[in-house]
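Biologist: Hey, got a minute to walk me through this one? I'd like the main points before I get lost in the viewer.

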Amino acid sequence: MTVGEKIRKFRIDQGYTQKELAIMSGLSESAIRNYELGNRFPSSEQLEKIANSLKISPYAMSDPNFDTYVSVMHALFALEDQYGLHAYRDESGVPQLMFKDKGHDSLNMLDHIGAWADMYQKFRNEEIPEKEYLDWKSQFPAK
């Protein structure tokens with residue numbers, strides 16, 4: 001999901017028009033429209049204004065990268081929105097991650113994560129060579 005698509009999603013989820021979001025964020029309606037259409041990309045300052053107006057973290061709308069732990073948190077938040085990932089603490093207080101069923105896509109995700117867990121366990125237990133594990137991973141090319 002692009003930044004513009006995320007802006008649109010959060011705006012619509014909260015029941016605002018482009019004009020209302022523009023007024024709340026101090027930007028023009030055409031700027032909001034162009035961001036949502038992908039014709040323009042908001043600066044970090046503009047994205048922060050939009051996020052603050054929608055009362056969400058700017059990270060929820062940014063494109064994830066993995067250069068810092070904050071960027072990784074971004075990706076986890078995106079997985080929460082798209083696939084139902086959520087964090088909790090187990091009985092001993094250790095943080096855990098779990099996917100909740102959010103429909104067809106999340107079920108596919110759970111199936112793939114289960115297969116990954118199985119393959120990784122085989123690799124870790126030296127039941128399969130590293131090349132077989134890496135070949136298995138290559139069936140999920142990065143876009």
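Modeller: Sure. One cut-off before anything else: a residue is called buried when its relative accessible area is under 20%, exposed when that is over 50%, and partly exposed in between. Also, keep in mind that this is a predicted model.

Biologist: Fine. So is R11 buried or exposed?

Modeller: R11 has a relative accessible area of 6%, so R11 counts as buried. You'll find R11 in helix 1.

Biologist: What does R11 touch, leaving out residues up to four places away in sequence?

Modeller: Y16, T17, Q18, L21, E36 and L54. With E36, the side chain of R11 makes a salt bridge, 2.6 Å from N to O. R11 sits in helix 1 and E36 in helix 3, residues 29-37, so this pair ties together parts that are 25 residues apart in sequence.

Biologist: And E36, buried or exposed?

Modeller: Buried, as is R11.

Biologist: How many salt bridges are there by this rule?

Modeller: The count comes to five. Another one is K9 with D13, where the closest N and O atoms are 2.8 Å apart. Both K9 and D13 lie in helix 1, which covers residues 3-13, and they are four residues apart, about one turn of the helix.

Biologist: How open are those two to the outside?

Modeller: K9 is partly exposed because its relative accessibility is 30%. D13 has 51%, so D13 counts as exposed.

Biologist: Which residue meets K131 in a salt bridge?

Modeller: D135, with 2.8 Å from N to O. K131 and D135 are both in helix 7, residues 130-137, again about one turn of the helix with their positions four residues apart. K131 is at 56% relative accessibility and therefore counts as exposed, while D135 is partly exposed with a relative accessible area of 40%.

Biologist: Okay, changing topic. Which residues touch the most other members in the largest nonpolar core?

Modeller: That core has 15 residues, and I7, I32, Y35, I50 and M61 touch the most other members. Helix 1, helix 2 (18-25), helix 3 and helix 4 (44-54) are the elements that give two or more residues to this core. Helix 4 gives the most, with four residues.

Biologist: Why would nonpolar side chains be buried together?

Modeller: As a general tendency, that is what nonpolar side chains do in soluble globular proteins.

Biologist: Back to Y35. What is Y35 in contact with, leaving aside neighbours within four places in sequence?

Modeller: G4, I7, L27, R40, F41, P42, Q46 and I50.

Biologist: R40 is on that list. Where is R40 found?

Modeller: In the loop between helix 3 and helix 4. R40 has a relative accessible area of 41%, so R40 is partly exposed. Not counting residues up to four places away in sequence, R40 touches A31, N34, Y35 and Q46. From C-alpha to C-alpha, R40 is 8.6 Å from G4, although they are 36 residues apart in sequence.

Biologist: And helix 2, which residues there are buried?

Modeller: Q18, L21, A22 and S25. They are on the same side of helix 2, because they cover an arc of only 100 degrees around the axis. Those buried residues pack against helix 1, helix 3 and helix 4. Just after helix 2 comes G26, which takes a positive phi of about 75 degrees.

Biologist: Which residues does the UniProt domain annotation cover?

Modeller: The unreviewed UniProt entry has "domain: HTH cro/C1-type" over residues 7-61. In the model that span is 64% helix and 0% strand, and its end C-alpha atoms lie 7 Å apart.

Biologist: Last one: how far does helix 5 reach?

Modeller: Helix 5, residues 69-83, has 15 residues and reaches 20 Å from its first C-alpha to its last, close to the 21 Å expected at 1.5 Å a residue. Its buried residues are S71, H74 and A75. They cover an arc of only 95 degrees around the axis, which means they lie on the same side of helix 5. Just after helix 5, G84 has a positive phi of about 85 degrees.

Biologist: Great, thanks. I'll go and find those in the viewer.

Conventions: Residues are numbered from 1 along each chain as its sequence is written. This is a predicted model: local features need pLDDT of at least 70, side-chain atom pairs count only at pLDDT 80 or more; totals for chains, interfaces and linings use all residues. Side-chain values use heavy atoms; hydrogens and water are left out. UniProt positions are given in the numbering used here, feature names are shortened, and annotations may be inferred rather than shown by experiment. The expected span of a helix is 1.5 Å times one less than its number of residues. Buried means under 20% relative accessible area, exposed over 50%, partly exposed in between (1.4 Å probe, protein chains only). The arc is that of the directions from the helix axis to the C-beta atoms. A salt bridge is a side-chain nitrogen of Lys or Arg within 4 Å of a carboxyl oxygen of Asp or Glu. A nonpolar core is a set of buried Ala, Val, Leu, Ile, Met, Phe, Trp, Tyr and Cys residues joined through side-chain atoms within 4.5 Å. Contact means heavy atoms within 4.5 Å.
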